[in-house]
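Me: I am new to this structure. Can you show me how to read its features, step by step?

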Amino acid sequence: MKKKIAVLPGDGIGREIASGAAAVLQAAGKRFGHEFEIEYADIGGAAIDAHNTPLPESTLGLARNSDAVLLGAVGGPKWDNLPSAERPERGLLAIRKELGLFANLRPIPSFQKLVQSSPLKPEIAENVNMLIVRELTGGLYFGKPSERRGENNEVVVDTLQYTRAEIERIVVKAFEFAAGRGGKLTSVDKANVLESSRMWREIVNEKASDYPSVTVDHMYVDAAAMKLISSPGQFDVIVTENLFGDILSDEASMITGSLGMLPSASLSESGFGLYEPVHGSAPDIAGQNKANPLAMILSAALMLKYSFNMREEGEAIERAVQSVLNDGYCTPDLQMEGSTVVGTDKMIELVTQRVANGSDVLTDTIV
Ligand code: NAD
Ligand code: IPM
Ligand code: MN
């Protein structure tokens, strides 16, 4: 098969890991007889520096003309003092909105080898198989008004807005995933306070009758934050609004021991996909060859599975990652006793080689 992939490295460690994931994709293409045509473009701070805007028309055009998009991360101290409408992060929000990427899937990979790197007790961190479905183009991130008001700008407003249709489509998506996985859906909201959450809860209850095989429960977001750490094994699919999903997924990354392990897929109604790690540009370690590239590489695996329906090819990447970890290699963010700590480049090389040559059977559940 021939596919065109837009790669948008962005800023900070995004620049160190995106080309690595592209190399892994090329290795998978070569092994399985596909042609991946990869074209790079700027987004975020890099695009502000080169084009004066965080999302140039040319980048958006390339994304629209590609079969899928792979994105590193955006942002960094250099651009932190810009007004919010001009920041690198605005480029990320804009590409999500422009491409209609409302469904953000954030699976928590459960590599057996990483149980020891989790700060949680082994009996709590193991046997977790969870997917967070985060609404991505609504809520507080996009509600208008978002502004300062008053004579002295002493009042500030952000608006949490959803339409019924926006909630329905993400809830339906989550039910579909739950029906195809463990059959359990936990809807996370703040319905004891927020009107938007009350509508969210109503819609989840309405849709539940279309999915009799799925058990549904509702949980307040504060309690969910606690349960993610005390008993993550109870979750199968979590569905939640934009900001709650942002926060809970960084928290859930600690089940694996590092934010550098969590991939994501953002899908539109037509099934178009953008793939990016959950983490950011990590300015504290950028440029030091310390970044864990595995979240980015696993995002590329998700692209093969979801956008190109290449299950075997995606699994070949997941197997390669599992095999490198099982052989005791890790980047500095993963605390694994007796392991060989390697840099970003070396980790990319190890995974690429194993994708090219094939590796063991997949035993861990990645997505
Ligand atoms: P961050 O996710 O960049 O980093 C948080 C912590 O996790 C840091 O200590 C970092 O070193 C570590 N970390 C993250 N990814 C890692 C990896 N792959 N390997 C090893 N360690 C890793 O979040 P932050 O520091 O709060 O934000 C930095 C910048 O990134 C900000 O400008 C923020 O807006 C942006 N950001 C972008 C995205 C994105 O592009 N999707 C996501 C989150 C944050
Ligand atoms: C993420 C990030 C973004 C978000 C920021 C950088 C806008 O934290 O992708 O999780 O909040 O969605
Ligand atoms: Mn985030």
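Me: Which helix gives the most to the shell around ligand 2?

Reply: Keep in mind that this is a predicted model. Helix H4, residues 88-98, gives the most to that shell, with three residues. The full set around ligand 2 is Gly-75, Glu-89, Leu-92, Leu-93, Asp-246, Val-278 and Gly-280. By class, that shell has three nonpolar, two polar and two charged residues.

Me: Which residues of H4 are buried?

Reply: They are Pro-88, Arg-90, Gly-91, Leu-92, Ile-95 and Arg-96. Their cover includes helix H2 (45-51) and helix H3 (57-64), along with strands E11 (263-267) and E12 (273-277). After H4 comes Gly-100, with a positive phi near 65 degrees.

Me: How many residues surround ligand 1?

Reply: There are 21, and the closest are Gly-75, Gly-260, His-279, Gly-280 and Asn-292. The classes are ten nonpolar, seven polar and four charged.

Me: What about the largest nonpolar core: which members touch the most others?

Reply: Start with the general idea. In soluble globular proteins, nonpolar side chains tend to be buried together. Here the largest nonpolar core has 106 residues, and Val-24, Leu-70, Val-133, Ile-297, Ala-300 and Ile-317 touch the most other members. Helix H10 (294-306) supplies the largest share, eleven residues.

Me: Why does this core lie between the two domains?

Reply: Because domain 1 (1-104 + 257-367) and domain 2 (119-255) both give residues to it.

Me: What is Ile-317 in contact with, leaving aside neighbours within four places in sequence?

Reply: Its contacts are Val-24, Ala-28, Ile-297, Ala-300, Ala-301, Leu-304 and Val-355.

Definitions and conventions. Residues are numbered from 1 along each chain as its sequence is written. Chains are lettered from A and ligands numbered from 1 in the order in which they are written. This is a predicted model: local features need pLDDT of at least 70, side-chain atom pairs count only at pLDDT 80 or more; totals for chains, interfaces and linings use all residues. A residue is near a molecule or strand if its C-beta atom, placed from the backbone, lies within 6 Å of it. Helices (H or I, at least four residues) and strands (E, at least two) are DSSP runs, numbered from the N terminus. Ala, Val, Leu, Ile, Met, Phe, Trp, Tyr, Cys and Pro count as nonpolar, Asp, Glu, Lys and Arg as charged, and the others, Gly among them, as polar. A nonpolar core is a set of buried Ala, Val, Leu, Ile, Met, Phe, Trp, Tyr and Cys residues joined through C-beta atoms within 7 Å. A residue is buried if 20 or more other C-beta atoms lie within 10 Å of its own, exposed if 12 or fewer, and partly exposed in between; C-beta atoms are placed from the backbone. Domain bounds come from an automatic or database domain assignment. Two residues are in contact if their C-beta atoms, placed from the backbone, lie within 7 Å.
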